[in-house]
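Please examine the strands, helices and nonpolar cores of the protein shown below. The report that follows describes them in turn.

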Amino acid sequence: MKRASGVLMHVSSLWGEYSIGSFGKEAKKFVDFLSDSGFTYWQVLPFCMADESNSPYKSFSAFGGNPFFIDLPTLHEKHLLTKEELDAAKQKTPYVCEYDRLKEERMRLLALAASRADFRIEIKVAQFIKEHKALGDAARFLALRDENGDTPWQAWKSQEPSKENLFFHEFLQYEFFTEWLEIKTYANQRGIKIIGDVPIYVALDSADVWASSEQFLLDGRKMPTSVAGVPPDYFCEDGQLWGNPLYNWKYMKSDNYSWWRERIRHMLTLFDGVRIDHFRGLESYWSVPASAKTAKEGKWVKGPGRALINAIREEAGDKLIIAEDLGDITDEVVSLVNYSGFPGMRVFQFAFLGDRNTPHLPHNYPKNCVAYTGTHDNNTLLGHVWEIDGNQRDEVFDYCNCPPNDWSGACEMIIKTMMASHADTVIFPIQDIFVYGADTRMNTPGTVTNNWQYRITEDQLRRVSCNKFKYLNTLYGRI
């Protein structure tokens with residue numbers, strides 16, 4: 001890896017007029033900002049459909065795209081929506097994603113657009129689905145779910161979707177990926193690479209488990225025998241019971257990890273690199289009996305380890321794979337990360353929780369790592385500096401030579417410290433570029449409300465000095 005820097009911001013956080021960020025002109029303008037500022041990477045969160053709490057880390061498909069990101073003005077340009085329909089879809093506020101309204105209205109509007117597709121679009125959709133089997137599975141799953149009253153797939157009675165409904169979901173996937181690949185092409189032309197995000201687990205109620213049930217640990221009723229989670233720790237005395245079905249690693253090994261290979265290939269057509277979430281689960285994972293009330297009842301079980309890493313490397317070639325190696329990290333996990341050659345993660349907000357040997361202090365960063373001020377699960381940098389106790393804040397200010405009692409200035413000095421660090425790559429959430437507080441936080445783990453809503457405005461982005469960041473990127477050899 002060459003020295004570089006980037007910005008973490010999900011597509012949903014882009015500005016625009018239609019309730020959520022999309023693959024429209026705003027995405028290209030954001031790419032322009034990154035390029036003009038000397039950044040190299042735009043990192044996003046998972047592109048899959050979000051769950052009932054709007055989290056992109058639990059989805060009906062690990063492969064399928066979120067139809068809310070389809071750009072409505074683009075559909076209007078293709079004569080699939082009228083100007084009146086476009087005007088009626090305009091948002092009430094530019095500052096947050098209007099999820100309630102999206103869930104109520106957007107799919108009906110997209111169905112209207114799909115119903116106007118002519119035979120030329122139909123041919124393109126059919127060819128696209130033929131070339132992308134997993135997206136065909138996702139479309140069929142969603143169509144069947146519609147026709148079975150949105151019930152889990154184990155309870156379905158109807159097993160054949162209507163032609164119109166199946167085409168609708170196939171059209172959504174075609175349009176999603178067609179629009180996104182235009183954005184990615186534009187980004188690459190401007191010298192910007194896109195980093196995607198791969199959640200380690202999938203949802204039970206998903207096209208992945210429905211279409212490939214042999215890949216998961218299920219009983220005769222197609223229900224999990226054990227589920228995923230993490231053990232009790234300092235932050236949660238009961239641990240976290242995620243509830244995802246666990247992989248049947250023995251079966252996966254027998255077919256040479258074909259499902260994972262297809263997933264990595266797919267992700268690396270969408271992105272220039274990916275972050276693998278909860279990487280430590282590939283060495284050992286927390287297995288909880290499906291009947292358990294809390295994650296306390298789980299145990300560590302050995303994961304696929306080097307065999308899966310080899311498969312991932314074969315599919316990825318020289319493309320960037322980031323190992324999210326945060327949390328309860330053992331020597332065995334460190335050994336697996338080292339074996340993989342993938343850069344691990346460092347997070348500044350964790351830097352002053354331990355002694356001076358912690359890997360999250362900038363002077364301890366190895367060359368082969370990706371360092372963040374914070375992730376989507378952390379407070380913003382300004383919120384963090386404001387909320388930590390006085391002694392820890394004094395350490396931060398002293399370490400980064402921050403001006404006394406200047407919170408905004410402290411954030412800028414922290415960013416400068418990370419820019420100067422030995423880490424090949426540094427990534428800053430957009431909130432930290434803006435120096436915004438905790439009210440703009442993206443997600444608070446363990447909570448189910450008021451998450452994933454944050455959006456920026458074009459005016460806010462305009463107020464950021466591209467020259468300042470281009471200077472820092474140039475000064476520290478990150479261009």
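Strand β3 (residues 193-198) and strand β6 pair in the parallel sense over four bridges; strands here are DSSP runs of E with at least two residues, helices are runs of H or I with at least four residues, and both are numbered from the N terminus. Two strands count as paired if DSSP finds at least two bridges between them. Strands of a sheet pair through backbone hydrogen bonds, either parallel or antiparallel. The model is predicted, so local features need pLDDT of at least 70 and side-chain atom pairs count only at pLDDT 80 or more, whereas totals for chains, interfaces and linings use all residues. Residues are numbered from 1 along each chain as its sequence is written, and side-chain values use heavy atoms, with hydrogens and water left out.

Strand β6 (residues 273-276) is covered on both faces: Gly 273 and Arg 275 on one side, and Val 274 and Ile 276 on the other, are all buried (under 20% relative accessible area, with a 1.4 Å probe and protein chains only). Strand β6 also runs parallel to strand β9 (residues 320-323), to which four bridges join it.

The table lists pairs of strands with one pair of opposite residues for each.

| Strands | Bridge partners |
|---|---|
| β3 and β6 | Asp 197 and Arg 275 |
| β6 and β9 | Gly 273 and Leu 320 |
| β4 and β7 | Ala 228 and Ser 287 |

An open sheet with antiparallel pairing consists of four strands in the order β5-β4-β7-β8. Its edge strands, β5 (240-245) and β8 (299-302), each pair on one side only. Within this sheet, strand β4 (residues 226-230) is joined to strand β7 (residues 284-289) by four bridges.

How do helices α4 and α7 cross? The axes of α4 (residues 99-115) and α7 (residues 163-189) come within 10 Å and cross at roughly 95 degrees. The two helices are therefore roughly perpendicular, a term that covers angles of 65 to 115 degrees. The axes are lines fitted to C-alpha atoms over the stretch in contact, and angles run from 0 to 180 degrees between N-to-C directions. Among the residues making the contact (heavy atoms within 4.5 Å) are Met 107 and Leu 110 of α4 and Phe 167 and His 169 of α7.

The largest nonpolar core has 151 residues, and those with the most contacts inside it include Phe 30 and Trp 42. Such a core is a set of buried Ala, Val, Leu, Ile, Met, Phe, Trp, Tyr and Cys residues joined through side-chain atoms within 4.5 Å. Helix α7 gives the most to this core, with ten residues. A second, separate core of five residues includes Trp 286 and Val 288.

Note on methods
Buried < 20%, exposed > 50% of the residue type's maximum accessible area, 1.4 Å probe, protein only. Parallel < 35°, antiparallel > 145°, perpendicular 65-115°, else oblique.
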